[in-house]
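Hello,

Here is the structure I promised to pass on. Please open it first, then read my notes below.

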Amino acid sequence: MTKAIRITALIICMAALIGLLGCGAAPANTAPPSPETAGAEGKTVAEKMATGGYAYIVDKMQPELKKTLKTNVLEAAWQAEAAGLGAYVETGESTTSESDGLAVVQTTVKLEKGEMLVTTSFDGDMKIAGLYIKRTSGAAAGAIELELPEGAREISITLFAGTEKELKGMVILPAVWGENAPAVVFAQGSGSTDMNETIGPNMPFRDIAYGLAAQGIASVRYDKMSFSHPELFADRTFTVDLEYLEAALEALRVIREQGAGQVYMLGHSLGGMLTPYIMQQSQGGFAGGIIMAGSPRKLTDIAYDQNMEMVNLMGTVEQVLNKVAVDSEKSKVDKIDSLSEEDLLKVTLFGMPGPYIKHLNGIDAAAVAVENGLPLLLLQGDEDFQVRKTRDFEPWQAALSELGDKAQYKTYPGLSHLFLAAHGGISVGLEAYATPDTVDQTVIDDIARWILGDK
């Protein structure tokens, strides 16, 4: 994979919902296509994704999506999400439903070592209005196996049981588990990931949960809403409340039922950015928070910087053209507060729906954290190429100065965005995630020591 493509993949990982590559809208006064027509085209799109027919897919998109979802973006997204699953075998069955005036087609794609699900939304003109990919099996092919700590119990749970939002989850109770023992609720980074936050052959949330259990700390982790229910995100009105908040608060309720005392919110990447907000909305439910590779900046500012990094790697002509496109996206973001609700529903900003960005950009993570007044532990890998130490981690320290010793900061030489060894260094990008590894034990020890110690 070229370096330019690696940078593009990074934009998807941090500045959009991984898997949910783009989300458009149904044109006014048009009916969705028939299930038969949409279903047949959905299967074609799924096969093209799996076999490199990205130009075909881009050609079928709504004009707004074409501005951000280029062929190299689709290629990078597929390679990152399907890493380790092998070559294309066949396209399976598809199902079609209707949502928000769009026909939504879900198609299974079988690869040599697992399966992917491709969800495509079509408007009445049979233009692609949304595209979502996720792996549904073989997610951790080649992962390092870990044994549950001696005496610990791992309990399968279902959040929102009996509703359209059911999520699979897992509670781990340590060997010594008494009343008021500490616990952690996890929140993944951006994208559609399972309860282990599986990326290639790595499962950072599993590693941390097992490591904390060995030190007497319970935890609850769960599949992300966008991982289990992409159909709920076909409606462009969704916000981080659906993506993050609702599940985190339900997980808090579940771990409380298990007898937990002080419960801590642990968020990674975008989940880390939203940790103060989730704590605020819990109305006293959390005793503190752990922010791993989070940023106090707006997501659109991060997206702009990442896009410009990609542009700067291009040739002279491409630089000029693409800089205009990126600056155009930034200009749209700057005008977001002046848009009517109707126009907000139509606009896409760095590949993300207008309502989502307006709500997310309205959350000042640092200000909320100060208002909460709760202890925070902020962690950063020095070799993180997605959330940078200088422009994303260090600003926390100034922004949270009012918290004094309640905010503690730790950095880790040689560790990546996933808090694994950054094989090859910061310049390698996503390729570092293809090496099976586990979260550095020092990171787990620091989290446990902070939770169990005086704050």
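Start with Gln 283, in the loop between helix H10 (275-281) and strand E11 (288-292). This is a predicted model, so please read everything here in that light. Gln 283 has a positive phi of about 55°, although it is not a glycine. Most residues other than glycine have a negative phi. Is Gln 283 buried or exposed? Gln 283 is exposed, with a relative accessible area of 75%.

Now look at Ser 269. Its phi is also positive, about 60°, and Ser 269 is not a glycine either. Ser 269 sits in the loop between strand E10 (260-268) and helix H9 (270-273). With a relative accessible area of 2%, Ser 269 is buried, because the cut-off for buried is under 20%.

Next, the sheet. It is open and has 8 strands. Their order is E6-E7-E9-E8-E10-E11-E14-E15, and the pairing is mixed. Which strands stand at the edges? They are E6 (153-159) and E15. Each has a single partner strand, so one side of each is left without a neighbour in the sheet. From one strand to the next, the twist averages 20°.

At the E15 edge, look at the pairing with E14. Strand E14 (residues 376-381) and strand E15 (residues 407-412) run parallel and are joined by 6 bridges. Leu 376 stands opposite Ala 407 in E15. Gln 380 has Thr 411 of E15 as its bridge partner. Helix H16 (residues 389-399) completes the picture here: E14, H16 and E15 make a right-handed β-α-β unit.

Two helices lie across the strands. H8 lies across E6, E7 (167-173), E8 (181-187), E9 (218-222) and E10. H8 runs at about 155° to E10. Helix H17 (residues 441-452) lies across E8, E10, E11, E14 and E15. H17 runs at about 165° to E11.

Last, a helix pair. Helix H8 (residues 240-257) packs with helix H14 (residues 354-361) at an angle of about 55°. Their axes are 10 Å apart. H8 and H14 are therefore oblique to each other. Which residues make the contact? From H8 they are Val 240, Asp 241 and Glu 243. From H14 they are Tyr 356, His 359 and Leu 360. The residues of this contact divide into 3 nonpolar, 1 polar and 2 charged.

Best wishes

How values were computed
Residues are numbered from 1 along each chain as its sequence is written. This is a predicted model: local features need pLDDT of at least 70, side-chain atom pairs count only at pLDDT 80 or more; totals for chains, interfaces and linings use all residues. Side-chain values use heavy atoms; hydrogens and water are left out. Axes are lines fitted to C-alpha atoms, for helices over the stretch in contact, and angles run from 0 to 180 degrees between N-to-C directions. Helices (H or I, at least four residues) and strands (E, at least two) are DSSP runs, numbered from the N terminus. Angles under 35 degrees count as roughly parallel, over 145 as roughly antiparallel, 65 to 115 as roughly perpendicular and the rest as oblique. Contact means heavy atoms within 4.5 Å. Ala, Val, Leu, Ile, Met, Phe, Trp, Tyr, Cys and Pro count as nonpolar, Asp, Glu, Lys and Arg as charged, and the others, Gly among them, as polar. Two strands pair if DSSP finds at least two bridges between them. A crossover is right-handed if, with the strands pointing away from the viewer, the path from the first strand over the helix to the second runs clockwise. Buried means under 20% relative accessible area, exposed over 50%, partly exposed in between (1.4 Å probe, protein chains only).
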